[in-house]
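Trainee: I should like to take a close look at a single part of this protein chain. Please set out where that part sits and how it relates to the chain around it.

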Amino acid sequence: MIEDREPIRVALLGCGTVGTEVVRLLQEYPTEYAARTGAPVRVTGVAVRRPHKHPDVPEQLLTTDAAALVEGGADVVVELIGGIEPARSLLLAALRAGKSVVTANKALLAEHGSELYAAADANGVDIYFEAAVAGAIPLLRPLRESLAGDRINRVTGIVNGTSNYILSAMDSTGAGYEETLEEAGRLGYAEADPTADVDGFDAASKAAILASLAFHTRVGAGDVHREGISGIGAGDIEAARSLNRTVKLLAICERVIDEDGTESVSARVHPAMIPRDHPLAGVGGAFNAVFVEADSAGQLMFYGQGAGGAPTASAVLGDLVAAARNVVVSGKGPRESAHAQLPARSMDWTPTRYHISLDVADRPGVLSQVAATFNEHDVSISVVRQQGRGADASLVVVTHTAADSALRATVEQIARLSSVNEVASVMRVEGEPS
């Protein structure tokens, strides 16, 4: 009988919105989790900083000594603290003590993932982290396991709900960035300090994890080019709309192959214009979605709630069941796959496309001056459109694909032309043939 077996003991580090849901669900459905795992699953302790802030957790489970809880008799340690320290030290201690780990800590994995994976391998235990990217969406396990036999070429995702809510609202209402951010805060979609979300730090950590899994290469946070959305204005949104596009903050991870056959990995986070018929264009509000392109599987789309207590707890519990089942049968989960060891490609040499809006003088020769500058940097033009007259004269240029450094150099030189009053906006273009 399952009920007669020794229980799988779980130590929980951190008990915010997600942790509270994990405890509740384990206590509400003990028979189901025992059946899925092969043994009862029992929370033996919950480490928090202020026990009085957690009235929904049985008092006898609460402790402020996370280190003692990790050193105790747990079989699986679930980490929901966030940040680098003390999470890193606690998880390393757990792994070295032969305890499997479940974590939702994307920043820690992006910064110190290789150290954690090595500790797990050395001690014959598991580390699971489905909840670290895109909340409830089953994404990392398909990349790690289901697509392990395929060759993934590109992963493009909306992986931060706050920034997506803001850009979606700007697109639908025509409002500016600051007022939309303020509204997002009032509605609970943005933190009091939204820096990690709107400046792209959160998405960059997730991009590092996605690139590592997709391309069997260790990609760290420092390898990811990062730009946020704070510079996006209503004019940028309107410019995108005029070209039948919308603006999204994208995490883009791709395999880049040079003419000589050399492969590298590009991982970047930045706003981009995408066509309104692209699968990611319709992802609104705080939802997440990831678009995967592989040789054999073709194009795959993963969509759902990317944050929140219950959705993220779903991913955590899925990992907990897998880790606990392995304890029961003395098995092991998937290990780190970094055999490809592809180099990280600098953003300077990453191929991309630009949408450039210029305020120009209304006189003959302006277009030829601008075109000559593009030609000087070996950047070809896909679309050019001149509109307005006099003080309202403007020029919109969409380029073909070129190295990002060449595109930036072109823009910098254009800004110095006497016929150009201002470079009004520059944004990358993704999601369609170059």
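Mentor: In this predicted model, among contacts in the protein chain between residues at least 6 apart in sequence, 74% join residues at least 24 apart. A suitable part for a close look is A211, which lies in helix α10, a helix that covers residues 201–215.

A211 has a relative accessible area of 0%, and the cut-off for buried is under 20%, so A211 counts as buried. Its surroundings can be listed by name. Once neighbours within four places in sequence are left aside, A211 is in contact with H216, T217, V219, C253, V265 and A267. One of these partners, V265, is 54 residues from A211 in sequence, yet the C-alpha atoms of A211 and V265 are 7.6 Å apart in space.

For a contrast, consider N375, which is placed in helix α13, residues 366–376. The cut-off for exposed is over 50%; N375 has a relative accessible area of 62% and is therefore exposed. Along the chain N375 and T103 are 272 residues apart, and 50 Å separates their C-alpha atoms.

The division of the chain gives these positions a setting. Domain 1 consists of two segments, 2–135 and 309–329, while domain 2 runs over 140–305 and domain 3 over 349–429. Between the C-alpha centres of domain 1 and domain 3 there is a distance of 52 Å.

The overall picture can now be added. The secondary structure of the protein chain comprises 14 helices and 18 strands. Taken along the principal axes, the box filled by its C-alpha atoms is roughly 85 × 50 × 35 Å. The radius of gyration of the protein chain is 24 Å, which agrees with the value near 22 Å that a compact globule of 434 residues would have.

Burial and surface complete the account. Of the 434 residues in the protein chain, 53% are buried, and A211 is one of the buried residues. The accessible surface comes to about 18,600 Å², and carbon and sulfur atoms hold 48% of this surface. As for charge, the protein chain has 37 positive and 55 negative charges, and the mean positions of the two sets are 2 Å apart.

Methods: Residues numbered from 1 in each chain as written. Predicted model: local features only at pLDDT ≥ 70, side-chain atom pairs only at ≥ 80, totals over all residues. Heavy atoms only, no water. Helix = DSSP H or I, 4+ residues; strand = E, 2+ residues; numbered from the N terminus. Rg over C-alpha atoms; globule rule 2.2 N^0.38 Å. Buried < 20%, exposed > 50% of the residue type's maximum accessible area, 1.4 Å probe, protein only. Contact = heavy atoms within 4.5 Å. Areas by Shrake-Rupley, 256 points an atom, 1.4 Å probe, with all protein chains shown as cover. Lys, Arg positive; Asp, Glu negative; His and termini not counted. Charge placed at Lys NZ, Arg CZ, Asp CG, Glu CD. Domains from an automatic or database assignment.
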